[in-house]
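Subject: Structure handover

Hi,

Here is the structure for your next round of work. My notes follow below it.

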Amino acid sequence: MSSSSADVAWRRVGADGSITLTIQAQPGAKRTEVAGAHGAALKIRLAAPAVEGRANDTLIAFLAESFGVPRRNVTLVRGETGRRKTLRIESPTARPDREWETLQGS
């Protein structure tokens, strides 16, 4: 086994290198940031209201910037209208999720 961190409940890495994340979104926060694990999901606070897709847009932009990919590489797979979402990141150039593992959830 490699010394890279073991998979966590909220992340799956595909054979093609893509990353699938399970997110617990918290819209209406003061700033967009990762809050830590929330059960089997990664909690992300979003500085956007859950109105007209603005929270989803903010989440996609945040993940694209965090993983160093264009927005088109971040796909909302499931959970468009709910707080629990599944997103896929293709061809990530950065791996901030490795640091997010160590954050304590709330």
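Start with one pairing: in β4, R45 is the bridge partner of E33. Note that this is a predicted model.

The strands around that pair come next. β3 covers residues 33-38 and β4 covers residues 41-46. They pair antiparallel, over five bridges. Two residues lie between the strands in this hairpin. There, G39 has a positive phi near 65°.

A second hairpin sits further along. β5 (residues 74-78) and β6 (residues 84-89) also run antiparallel, joined by four bridges. V74 stands opposite I89 of β6. The hairpin has five residues between its strands, and G79 takes a positive phi near 95°.

Now the core. In soluble globular proteins, nonpolar side chains tend to be buried together. In this model, the largest nonpolar core holds 21 residues. L21, I44, L63, V74 and W100 have the most contacts inside it. Among the contributors, β2 (19-27), β4, α1 (54-67) and β6 each supply at least two residues. The most comes from α1, which gives seven residues.

Two of those core residues link back to the hairpins. V74 is the residue opposite I89. For I44, here is the contact list. Leaving out residues up to four places away in sequence, I44 touches I23, Q24, A25 and Q26. I44 also touches E33, V34 and A35. L59, F62 and L63 complete the list for I44. E33 is thus on two lists: it is the bridge partner of R45, and it touches I44.

Best regards

Conventions
Residues are numbered from 1 along each chain as its sequence is written. This is a predicted model: local features need pLDDT of at least 70, side-chain atom pairs count only at pLDDT 80 or more; totals for chains, interfaces and linings use all residues. Side-chain values use heavy atoms; hydrogens and water are left out. Two strands pair if DSSP finds at least two bridges between them. A nonpolar core is a set of buried Ala, Val, Leu, Ile, Met, Phe, Trp, Tyr and Cys residues joined through side-chain atoms within 4.5 Å. Buried means under 20% relative accessible area, exposed over 50%, partly exposed in between (1.4 Å probe, protein chains only). Contact means heavy atoms within 4.5 Å.
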